[in-house]
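Q: Please take a close look at one helix of this structure and the residue that follows it. Please then place that part in the wider setting of its chain.

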Amino acid sequence: MWLISLRDLQWRLRRFVIAVVATGLVFGMSLLMAGSVFTLYEDGRRIVRSFGADAWVVAEGTSGPFTTSSPIPAPAAAEVARAPGVTAAEPVVIFQSTVGGDDALRDINLIGYRPGSFVAGPVTSGRRLQAPGETVADVELGVDLGEVVSAGGHDLVVVGLAEQVTWYFGQPTLFVALDDAQAIAFRGQPLAMGVATAGVPDALPEGLRTLTNEQVVADLDRLLESAVQTIDLLNVLLWIVAAGIIGSMVYLSALERSRDFAVFKATGATNRGLLAGLVLQAVVLSAAAAVVATIVAWLLKPFFAFTVEIPAPIYLRLCVVVLVVGLLASLAGLRRAVKVEPALAFGGG
Amino acid sequence: MNAGSDLQISDLTIAYSSGGYEARPIDGLDLHVSSGQLVLLLGASGCGKTTLLSALASILAPTAGSIRIGDTEVTGLQGRALMEYRRFRVGVVFQSFNLVASLTASENVQAPLRLAGVSGRRARARAEELLGRVDLSDRLQHRPGDLSGGQAQRVAIARALAHDPPLVLADEPTAHLDYIQVDGVLRLLRGLAAPGRIVIVATHDERLLPLADRIVELTPRKATASQPPRQRSLGDREVLFRQGDPGDLLYVVDDGEIELVRHLVDGTEEILGSVGPGTYFGELAPLFGQRRSATARAAGPTTVTGYTVTDFRAAHGDVIGSTGQDRPGGDGGQALE
């Protein structure tokens, strides 16, 4: 029966190709969306990891250091450093700002820490921060070493470049000295969003609380929740569209082949055999669509405003989704094939 | 091929619903066909030829009766036995070829073999052999759309022979062929009927008559011979003729009343009307050689006289259908002038 089904696909090649391309485009969109969601989450994990902290200390009753708007006094870091279990503690300032002039403003994430501390930040080329007035810039910002960027009215010389430090929908990051960050964010007041610690504090001064790296990541993920929900919904809608395309292709095939099915049944074919043939068609269509989807995603990825990573598990998930969608979509066609009466084969012309 | 696979049809009745009424195209058919015979089922459209073929192919379950081929009781087959019967014991040549458009001639012949689990190589070899037998060795890779009607019919015959079945059924095999194409198909069908195999052909094409060993007419013959009018007395609720019976006489009510009823699928009946003295009824069956479309029975003691159409016209003039009224099946009754 598989040969008959494949021959039928060949016979209806034009329709098959159109269905594959259409379904492939839909699954390609789905793949890009899944990749986008993965990247959004992965950015958060990566930036938190880049601090090299074992734990974080923030003001009691506030969210994590990346999202809070309730700073703590920076000198609290010294008290935290003395807490049992802590070997080092560094105040960090994390906020969103802009670079460039009025005609080319660009949103950035800005991270301030003390140069030379254990919070060193990643550097791909150039060197780490050594003094105020310097910055390590995200390569996504498109600046070169030695170039001067203006952040919040402060000129900063680019001494190093870092890769994969975007977060919050691909927003690039500038690493600056703590003094510069406090100058831009707090007009020079000695405040910090939190304290990154080496070692985990067993006890803290009153008014402070400890967060693990996982809690900080979860706090960052919270910002993405509604966007991810929307993307997931769109994904499901795309799968339904794909199911509609595959379903109509298989159903039309079953409809047009009713007489063939009747002849096969009259000559001893089982329903199971016929269904296997139709399922095979759905699977072949789905598999071809998955290949097209991969190509579509690969071609369209560079046009996205932020880097979209599509790791192997997402491709695997696509394969499963495509298979399930293909099989579910072919149910109507299968039902149709089962209902065909062999007596139809005796009908005239 | 099984030697000695005679076909025995006993008291076969096939009834089905036709617009809510019970149609009974095959009613109490008895037929014995010996192995090696070619039988023609002859009759007009709707007389039950295809219905009988469907039952022989075990696609349609008869209402009553028995079909035996050799030692196989066809009417009782189910599940795997039914599937194997359809695969190995019967080959069908369908009316409009019913070849699969996407498959080549060879693949069409291979299809039933592959469906039965025969390996690709053996199926290909068998298809080549069969297509060679029907003079289509040079058309193995042609699709049905590239074949003439005669060639397509020969591919269909080759497909029916894929498993070398002891029973081959052909439904109107010449319906879509011109006279040149018919010649080859007729010779082929005749050649198939050899010891160990029965060929049954349903047709209304009388060119096939010389080929047949047996002819089974499923359409009742129109009564042409003159016979004297026959008076018949009926008791209350006595049936004069039944729905589905062949009919060669039309009747005039002399005395009493005849009720005309039509049987429904659910076992109930619908009264079409009743006819009284001086009214004729039941003229369509003898006029057109078809079965009675309703049952006529007496409503109280009744006397009727039966006439052939010719005698009726001689006695009463050409009054049949002169009013142009719409009477169900011609059995609704019409008063004589």
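A: In this predicted model, the place to begin is the end of helix α4 of chain A, where the residue just after the helix, R187(A), takes a positive phi of about 50°. As general background, most residues other than glycine have a negative phi.

The helix that precedes this residue, α4(A), covers residues 178–186. Its buried residues are L178(A), D180(A), A181(A), Q182(A), I184(A) and A185(A). These buried residues pack against several strands of chain A, namely β3 (88–99), β4 (106–113), β7 (148–151), β8 (154–162), β9 (173–177) and β10 (191–192).

Two of these strands, β8 and β9, are joined by a loop of chain A that contains Q164(A). Like the residue after the helix, Q164(A) has a positive phi, here of about 55°, although Q164(A) is not a glycine. Q164(A) has 18 C-beta neighbours inside 10 Å and therefore counts as partly exposed; the buried class requires 20 or more.

The wider setting is a chain with 9 helices and 12 strands. Chain A has 349 residues, and buried residues make up 43% of them. Among the contacts in chain A between residues at least 6 apart in sequence, 80% join residues at least 24 apart.

Elsewhere in chain A, two helices pack against each other: α2 (residues 13–50) and α7 (residues 271–300). Their axes lie 6 Å apart, at an angle of about 50°, and α2(A) and α7(A) are therefore oblique to each other. Their crossing is right-handed. Among the residues that meet there are F16(A), L25(A) and F27(A) from α2(A), and L285(A), V292(A) and L300(A) from α7(A). By class, the residues of this contact comprise 17 nonpolar, 5 polar and no charged.

Chain A also touches a partner: 23 of its residues are in contact with 26 residues of chain B. On the side of chain A that touches chain B, α1 (2–11) and α6 (258–266) each supply at least two residues. Of the contributors to that side, α1(A) gives the most, with 6 residues. The side of chain A that touches chain B has 12 nonpolar, 7 polar and 4 charged residues.

Chain B offers a further case of positive phi: R237(B), a residue other than glycine, has a phi near 65°. R237(B) lies in the loop between β10 (230–234) and β11 (239–241) of chain B. Because R237(B) has 10 C-beta neighbours inside 10 Å, this residue counts as exposed.

Note on methods:
Residues numbered from 1 in each chain as written. Chains lettered and ligands numbered in written order. Predicted model: local features only at pLDDT ≥ 70, side-chain atom pairs only at ≥ 80, totals over all residues. Contact = placed C-beta atoms within 7 Å. Helix = DSSP H or I, 4+ residues; strand = E, 2+ residues; numbered from the N terminus. Nonpolar A, V, L, I, M, F, W, Y, C, P; charged D, E, K, R; others polar. Buried ≥ 20, exposed ≤ 12 C-beta atoms within 10 Å, placed from the backbone. Axes fitted to C-alpha atoms, helices over the stretch in contact; angles between N-to-C directions. Parallel < 35°, antiparallel > 145°, perpendicular 65-115°, else oblique. Left-handed = near helix turned anticlockwise from the far one by under 90°.
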